[in-house]
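Welcome, and thanks for taking a look at this one. Here is a short tour of one helix and its surroundings.

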Amino acid sequence: METAIRGRITLSPNHVFNPKSGDKYCSCRGPWINRGIPMALAATGPGKGGGVLEKPVIERTTPGRESEFDLRKSRKMAPPYRVMLHNDNYNKREYVVQVLMKVIPGMTVDNAVNIMQEAHYNGMAVVIICAQADAEDHCMQLRGNGLLSSIEPASGGC
């Protein structure tokens, strides 16, 4: 039961792995003997009574490839854009409210009325602040329904 196979040491259930320099089962030589390298202990199966101590597996990433965490971070770091609604003299106020509620997800009647009123009195109003791709999509949908709209970076100005 005591065999050493290239990187694996078979242990009995009560065996304590405490390698000493020069031990025939120790794969550590030289000054690295007491470095505390973490190793994984995997059971050899039911009824076998023992475990296999394996060398650590080091995860390596391919150069030039981003991890999933980096991709999520870059999505969060994308600069926000404002979708602007411009006043026009052609569309009725009720129609503008209906289009805002249809195009913008989660838009309430109260918010749509406030945006429409602000655009009517001030010439333009901020509809939503979101990622550039979403802002472009919302702007095109508003234009497709006959409203004047544009987008601009949200970082410029207040």
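## Helix H2 and its neighbours

On one side of H2, the residues Glu94, Gln98 and Lys102 are exposed. Please keep in mind that the model is a predicted one.

The other side of H2, which spans residues 93–103, holds the buried residues Val96, Val97, Val99, Leu100 and Val103. Viewed down the axis of H2, these buried residues fall within an arc of 165°, so they line one face of the helix. An α-helix has 3.6 residues a turn, so residues three or four places apart point the same way.

What do the buried residues of H2 pack against? Their partners are listed here.

| Partner of the buried H2 residues | Residues |
|---|---|
| strand S5 | 80–86 |
| helix H3 | 109–122 |
| strand S6 | 124–131 |
| helix H4 | 132–144 |

Let us follow the contact with H4. The axes of H2 and H4 come within 10 Å and cross at roughly 145°, and the crossing is right-handed. From H2, Val99, Leu100 and Val103 meet His138, Gln141 and Leu142 of H4. By type, the residues of this contact are four nonpolar, two polar and no charged.

Now for the wider core. The largest nonpolar core has 20 residues, and Leu100 and Leu142 are among those with the most contacts inside it, along with Leu85, Met107, Ile115 and Val127. At least two residues of this core come from each of S5, H2, H3, S6 and H4, and H2 gives the largest share, five residues. Leaving aside residues up to four places away in sequence, Leu142 touches Val83, Val99, Leu100, Val103, Leu147 and Ser149.

Definitions and conventions: Residues numbered from 1 in each chain as written. Predicted model: local features only at pLDDT ≥ 70, side-chain atom pairs only at ≥ 80, totals over all residues. Heavy atoms only, no water. Buried < 20%, exposed > 50% of the residue type's maximum accessible area, 1.4 Å probe, protein only. Helix = DSSP H or I, 4+ residues; strand = E, 2+ residues; numbered from the N terminus. Arc of directions from axis to C-beta. Contact = heavy atoms within 4.5 Å. Axes fitted to C-alpha atoms, helices over the stretch in contact; angles between N-to-C directions. Left-handed = near helix turned anticlockwise from the far one by under 90°. Nonpolar A, V, L, I, M, F, W, Y, C, P; charged D, E, K, R; others polar. Core = buried A, V, L, I, M, F, W, Y, C linked by side-chain atoms within 4.5 Å.
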